[in-house]
Amino acid sequence: AENRRFISLINRFNFEFDNCLLENFSQTLFAQRISEFEIDNECKKIVETNEIRIISPMVVAGNTIGFLIIGKKLNGEEFDDRNLQFIQALGNTAASALENERLFQEEIEKKKLESELKFALEIQKNLLPKFVPEIEGYSLAGTTIPSRHVGGDYYDFLMLDEKHLLLVIADVSGKGMPASLIMAHFQAALRILAPLHITLTDLILKLNLTIYENTSPDKFVTAFVGILDVLSGAFYYINAGHNPPYLCNANKEIIELSDGGLILGFTDEPPMYHTGEVWLNKDDVVLMYTDGVNEAQDINKEDFGDNATKEALIEVSNQNASEIITHVVQKVKDYSKDTSQFDDITLIALKRTK
């Protein structure tokens, strides 16, 4: 009971002394010097009533994290300056021990979080295509490089039937775990809706409503969804606020695929989406990418840019899809060397070879 009373008094003492202690008690001193400071008389009374003799700040790296409060000696003797120095060293040692314990616990929590993020990354990888469809007359490849353990970029390939291939690339606003959760939700909705053989417009509208109803107002998704008729080479697409993919033809001319409409999740009743249509001839390449490519920055914080992305595509447009992606990624990495990756990088390359 006496201990509980003393702890209660000390808690009250620390609470009422808070500003005064931090502002005035920068070094260990005898309690009788408290009268030199303008503090509440009740606090002074607490010191006197509990026979507090010394107040010593507990300092770590120049910051006061608490105070060591010393009562009278059991033998009744008074403290001297030598005692004062010892108590100050004791307080700082105790503070260091407490700080080390705190840092140790933080390290444990950090390791635990890293383990959970690693597990989350494995789950996210399983949401991406496990294999690339082999389609006669076409070369296809895709990749994603998250800027953190997990990311908000997404790409997918789905054979709707023997003649039609669905390609999707998307970018969730934000980064890290929140973006990855929305991405997983987007992937699940797409995988459910795509096999229903609904129109491209209906697919986009349903995806938009799903994102709108299941995320906060500040979250949205940019997406590009296309359907390739593998026999004719017709490529139908809707661009929902995404970076326009580039169609590079055999003459190395670039066409931007920008037809579409609003980002997904912004409103439950978006303006009607417009479906674009292009034809892929032999040696034509479509490069889809997220803004981690064109917005990659160098040490001067200058963007890689759209023109550099187009040039990188043109340089290897005669190669297969996998080599095209490898080249573009390497160009981005070379440009942004000596800097940390700012955003997720995701690409899909589709080339007609016959």
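Helices here are DSSP runs of H or I with at least four residues, numbered from the N terminus. That is the sense in which the names below are used, and the model they come from is a predicted one.

**Figure 1. E323 sits in helix α8.** The helix covers residues 321-335. How far is E323 exposed? With a relative accessible area of 37%, E323 comes out as partly exposed, because that class lies between the 20% and 50% cut-offs. Look for A349 in this view as well: E323 and A349 are 26 residues apart along the chain, and their C-alpha atoms are separated by 9.3 Å.

**Figure 2. The whole protein, for orientation.** Before zooming in again, here's the overall tally: eight helices and 14 strands. The protein has 354 residues, and 46% of them count as buried. Its accessible surface is about 19,300 Å², with 51% of that belonging to carbon and sulfur atoms. Take the contacts with a separation of 6 or more, and 67% of them turn out to be between residues 24 or more positions apart.

**Figure 3. I227 is a buried residue of strand β7.** The strand runs over residues 221-229. I227 has 15% relative accessibility, so it counts as buried; the cut-off for that is under 20%. Which residues does I227 touch, leaving aside neighbours within four places in sequence? On one side of the numbering there are L160, H164, L165, L166 and L200, and on the other A234, F235 and Y236. L167 is worth finding too: I227 and L167 are 60 residues apart in sequence, yet 6.3 Å apart in space, C-alpha to C-alpha.

**Figure 4. Helix α4 spans residues 176-193.** Its 18 residues reach 26 Å from the first C-alpha to the last, close to the 26 Å expected at 1.5 Å a residue. Plenty of names to pick out here: the buried residues of α4 are G176, A179, S180, I182, M183, F186, Q187, A189, L190 and L193. When you follow them along the helix, keep in mind that an α-helix has 3.6 residues a turn, so residues three or four places apart point the same way.

**Figure 5. The largest pocket holds about 250 Å³ of space.** It is lined by 16 residues, and the closest to its centre are Q297, T339, S340, Q341 and F342. What is the lining made of? The residues divide into five nonpolar, six polar and five charged.

How values were computed
Residues are numbered from 1 along each chain as its sequence is written. This is a predicted model: local features need pLDDT of at least 70, side-chain atom pairs count only at pLDDT 80 or more; totals for chains, interfaces and linings use all residues. Side-chain values use heavy atoms; hydrogens and water are left out. On a 1 Å grid over the protein atoms alone, a cavity is a set of points where a 1.4 Å probe fits but cannot get out, and a pocket is an open set with protein on both sides within 12 Å along at least five of seven lines; lining residues have an atom within 4 Å of a point. Grid points are joined across faces, edges and corners, and a volume is the space filled by probe spheres set on the points. Ala, Val, Leu, Ile, Met, Phe, Trp, Tyr, Cys and Pro count as nonpolar, Asp, Glu, Lys and Arg as charged, and the others, Gly among them, as polar. Helices (H or I, at least four residues) and strands (E, at least two) are DSSP runs, numbered from the N terminus. Buried means under 20% relative accessible area, exposed over 50%, partly exposed in between (1.4 Å probe, protein chains only). Contact means heavy atoms within 4.5 Å. Accessible areas come from the Shrake-Rupley method with a 1.4 Å probe; for residues, only the protein chains shown count as cover. The expected span of a helix is 1.5 Å times one less than its number of residues.
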